[in-house]
Amino acid sequence: DLAYFVQDLGNRLAEGVSVQIDERRRMVETESRLLATHSPRRRIDQTRQRLDDLAARGSRALTARIALQRERLDARQRALISADPRAILRRGYAIVESEGQRLTAAQQTAAGASLDIYLAQGRLRATVSEIED
């Protein structure tokens with residue numbers, strides 16, 4: 001009985017020590033994970049990653065904005081080219097002025113008035129002989 005009792009105590013002691021070791025191992029693992037989560041190195045790495053992400057987003061946003069501004073500039077340039085009076089003159093139209101004033105209607109001048117007629121290539125001086133509505 002005594003040998004059985006001693007063996008039983010030994011088994012229970014070994015089991016108790018094993019449970020204690022397992023419990024301490026879990027505590028160390030938990031503390032290790034907690035320490036890793038709050039470690040300065042990890043925070044630095046996370047901050048670096050966030051900065052890299054922000055820099056990439058900023059770069060993409062800047063590239064997109066530049067592309068948009070370039071498109072707007074191109075559109076304005078095309079509008080300016082199409083509104084250029086010389087382009088209109090090259091299509092066969094003329095600009096007529098009387099005493100420095102651009103004419104848009106026949107009634108803006110009188111018979112005998114001198115006119116400057118601007119063409120795509122050159123200028124004509126003319127005199128009004130007759131006005132028709």
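Ser98 touches several residues that lie further along the chain: beyond its neighbours within four places in sequence, Ser98 is in contact with Leu103, Thr109, Ala113, Ser114 and Leu115. Keep in mind as you look around that this is a predicted model. Ser98 makes a handy starting point, and from there we can move to the strands, the helix end and the whole chain.

**Ser98 and its surroundings**
- You will find Ser98 in strand E1, which covers residues 95-98.
- Is Ser98 buried or exposed? Its relative accessible area is 9%, and because buried means under 20%, Ser98 counts as buried.
- One of the contacts of Ser98 is Ser114, a residue that also appears in the strand pairing below.

**The hairpin of E3 and E4**
- Strand E3 takes in residues 114-118 and strand E4 takes in residues 123-127.
- These two strands run antiparallel, and five bridges join them.
- Which residue of E4 is the bridge partner of Ser114? That partner is Thr127.
- Four residues sit between the strands of this hairpin.
- Within the hairpin, Gly122 has a positive phi near 105°.

**A nonpolar patch on the surface**
- Leu2, Phe5, Val6 and Leu9 together make a nonpolar surface patch of about 400 Å².
- Phe5, one of these four residues, belongs to helix H1, which spans residues 2-37.
- Phe5 has a relative accessible area of 44%. Since partly exposed covers values between 20% and 50%, Phe5 is partly exposed.

**The whole chain**
- Now step back and take in the protein chain, which has three helices and four strands.
- Reading along the sequence, you meet these elements in the pattern α-α-α-β-β-β-β.
- How far does the C-alpha trace span along its principal axes? The spans are about 145 × 25 × 20 Å.
- The radius of gyration is 46 Å, whereas a compact globule of 133 residues would have one near 14 Å.
- Buried residues, Ser98 among them, make up 11% of the 133 residues.
- Of the contacts with a separation of 6 or more, 16% are between residues 24 or more positions apart.
- The chain has an accessible surface of about 11700 Å², and carbon and sulfur atoms account for 55% of that surface.

Note on methods: Residues are numbered from 1 along each chain as its sequence is written. This is a predicted model: local features need pLDDT of at least 70, side-chain atom pairs count only at pLDDT 80 or more; totals for chains, interfaces and linings use all residues. Side-chain values use heavy atoms; hydrogens and water are left out. Patches are made of residues with over 30% relative accessible area and no salt bridge: like charges are joined within 9 Å, nonpolar side chains (Val, Leu, Ile, Met, Phe, Trp, Tyr) within 5 Å. Accessible areas come from the Shrake-Rupley method with a 1.4 Å probe; for residues, only the protein chains shown count as cover. A salt bridge is a side-chain nitrogen of Lys or Arg within 4 Å of a carboxyl oxygen of Asp or Glu. Buried means under 20% relative accessible area, exposed over 50%, partly exposed in between (1.4 Å probe, protein chains only). Two strands pair if DSSP finds at least two bridges between them. Contact means heavy atoms within 4.5 Å. The radius of gyration is taken over C-alpha atoms; the globule rule is 2.2 Å times the number of residues to the power 0.38.
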